[in-house]
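Got the viewer open and a selection box ready? Let's take a walk through this model, one stop at a time.

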Amino acid sequence: MHARTPVVRSLTAALTALAATAALSACGSSDPATAAAPAPSGADVAGVRVQPDQDLHDALPEAIKKSGTVRVATDVPYAPFEMFVKEGQSELTGLDYDLGQALGAKLGVKFAFTPQKFDGIIPALQAGKYDVAISAITDTKERQQVVDFVDYSQSGSGLLVADGNPTGITTLDDLCGHPAGVQAATNQADLLKAHQSRCAELGRQPIDIQTFPKDSDAQLALRAGKVVADVLTKPAAGWTAKTAENGGAFDSVEDPAAQGGYKASPNGIAVSKKQPQLTETIHKALQQLVADGTLTRICDKYGVASIAVKEATKNAGAQ
């Protein structure tokens with residue numbers, strides 16, 4: 001759990017300010033009640049300076065303005081969205097974490113992340129333990145019954161190929177007649193099975209689907225040349241291509257017809273339905289980060305620029 005030191009600092013600052021006000025009043029200074037509140041400071045995120053918006057800060061719920069903190073639930077690790085900087089330590093990094101820091105800078109408050117098991121995130125939101133959840137949560141109609149979403153990414157399945165893409169794989173169709181690796185019992189395995197009929201329509205041989213217990217096993221097969229591609233989530237493909245052997249082991253295929261990945265669906269920031277004011281303010285802040293390119297820069301830092309939304313939406317999930 002994160003310590004509540006900001007509250008202590010705020011109290012100390014308040015007492016100091018009170019003493020200073022009394023001294024100024026004794027000297028006949030202007031009425032302190034008319035002094036403007038200090039503007040929130042910005043922050044550097046993914047190489048971008050995020051400037052605060054005083055109007056958005058003022059639009060936050062009073063409880064959050066008073067505490068200066070938005071309490072965020074997240075399930076760690078789930079690369080590249082949320083990860084520990086070092087194994088065994090509590091410091092966080094990742095796409096979702098950076099997005100939270102950018103939103104916090106824009107709103108002039110702290111987005112304080114706390115690890116929470118995924119299946120307990122939405123119940124914890126409903127119970128008021130957290131204000132929001134940022135954890136690569138798929139926005140679905142079912143989840144919209146209990147929380148509201150502000151959608152920031154659109155992601156599905158992607159293709160990981162050997163460095164240089166020696167087989168020239170550019171789309172799912174190119175897998176027809178070739179061996180492709182995939183983790184067993186995943187959406188990606190179902191995607192390949194469903195694509196067999198497409199191969200038949202094209203007059204090509206079916207995909208030689210080779211399933212593995214873990215995706216890391218499929219990557220080993222790809223390294224060994226036993227498969228021409230590994231089919232996994234688009235964000236995982238981008239992150240693996242960017243980080244494995246410092247980017248020298250794999251490439252992530254970018255299909256223009258499926259920029260966010262195949263069968264892509266929106267991921268959103270989940271907010272309790274009891275907090276519509278917070279949902280609206282976060283939505284406006286996110287739209288600013290979309291419009292000025294900050295969101296794309298954050299996603300690009302993790303090798304998945306293509307999953308960034310072009311417009312911030314609310315409750316866009318259709319499942």
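What follows is a list of stops, each with something to select and a note on what you'll find there.

**Start with everything on screen**

Keep in mind as you look around that this is a predicted model. Show the whole protein chain as a cartoon: you should have 11 helices and 14 strands to look at. The chain has 319 residues, and 46% of them are buried. Now think about how the sequence folds back on itself. Take the contacts in the protein chain with a separation of 6 or more: residues 24 or more positions apart account for 72% of them.

**Stop 1: the nonpolar cores**

Select Phe111, Ile269 and Ile282 and show their side chains. These are the residues with the most contacts inside the largest nonpolar core, which has 42 residues. Which residues does Ile269 touch, leaving out those up to four places away in sequence? Add Leu99, Leu103, Val132, Ala133 and Ile134 to your selection, then Asp148, Phe149, Val150, Tyr152 and Ile282, and you have its contacts.
Another core lies apart from that one, with 19 residues. To find this second core, pick Cys176, Leu192, Ile207 and Ala258, which are among its members.

**Stop 2: the cavity**

Hang on to Ala258, since this residue also helps line the largest cavity. How many cavities of 30 Å³ or more does a search of the whole structure find? The search turns up 1, and the volume of the largest cavity is about 50 Å³.
To see the walls, select Ser157, Gly158, Leu159, Lys234, Val253, Glu254, Asp255, Ala258, Gly261 and Tyr262. Color them by type and you'll get 4 nonpolar, 3 polar and 3 charged residues in the lining. Which strand gives the most to this lining? That's β8, residues 147-162, which supplies 3 residues.

**Stop 3: strand β11 and its neighbors**

From β8, step across to β11. The two strands pair in the antiparallel sense, over 4 bridges. For a landmark, select Leu159, which you just met in the cavity lining, and look for Val231 opposite it in β11.
Next, bring up β9, residues 179-183, which runs parallel to β11 and is joined to it by 3 bridges. Here, pick Ala180 and find its bridge partner in β11, Ala229.
Why does β11 count as largely enclosed by the rest of the structure? Because 4 of its 5 residues, in the stretch 229-233, are buried. While you have strands on screen, here's a handy rule for reading them: in a regular strand, side chains alternate between the two faces of the sheet.

**Stop 4: Ser272**

Move to strand β13, residues 262-272, and pick out Ser272. Is Ser272 buried or exposed? Its relative accessibility is 7%, so Ser272 counts as buried. Show Leu125, Asp131 and Thr279 as well: Ser272 touches these residues, not counting those up to four places away in sequence.

**Stop 5: Phe118 and the loop by Val76**

Go to the loop between β6 (110-115) and α5 (121-126) and select Phe118. With 33% relative accessibility, Phe118 counts as partly exposed. Setting aside residues up to four places away in sequence, Phe118 touches Asp75, Ser135, Ile137 and Arg143.
Now draw a distance from the C-alpha of Phe118 to the C-alpha of Val76. They are 42 residues apart along the chain, with 8.7 Å between these atoms.
Stay with Val76 and follow the chain on to Pro77: the peptide bond between them is cis, with omega near -5°. Pro77 sits in the loop between β3 (69-74) and β4 (83-84). The loop between β3 and β4 also holds Pro80, and the bond from Ala79 to Pro80 is cis too, with omega near 0°.

**Stop 6: two positive phi angles**

Before this last stop, a reminder: most residues other than glycine have a negative phi, and most peptide bonds are trans. Select Ala46, in the loop between β1 (43-45) and β2 (48-50). Ala46 isn't a glycine, yet has a positive phi of about 55°.
Finish at Glu245, in the loop between α9 (234-243) and β12 (250-252). Glu245 also has a positive phi without being a glycine, at about 50°. At 53% relative accessibility, Glu245 counts as exposed.

Note on methods: Residues numbered from 1 in each chain as written. Predicted model: local features only at pLDDT ≥ 70, side-chain atom pairs only at ≥ 80, totals over all residues. Heavy atoms only, no water. Core = buried A, V, L, I, M, F, W, Y, C linked by side-chain atoms within 4.5 Å. Buried < 20%, exposed > 50% of the residue type's maximum accessible area, 1.4 Å probe, protein only. Contact = heavy atoms within 4.5 Å. 1 Å grid on protein atoms, 1.4 Å probe; cavity = no way out; pocket = protein on both sides within 12 Å on 5 of 7 lines; lining within 4 Å. Points joined across faces, edges and corners; volume = space filled by probe spheres on them. Nonpolar A, V, L, I, M, F, W, Y, C, P; charged D, E, K, R; others polar. Pairing = 2+ DSSP bridges.
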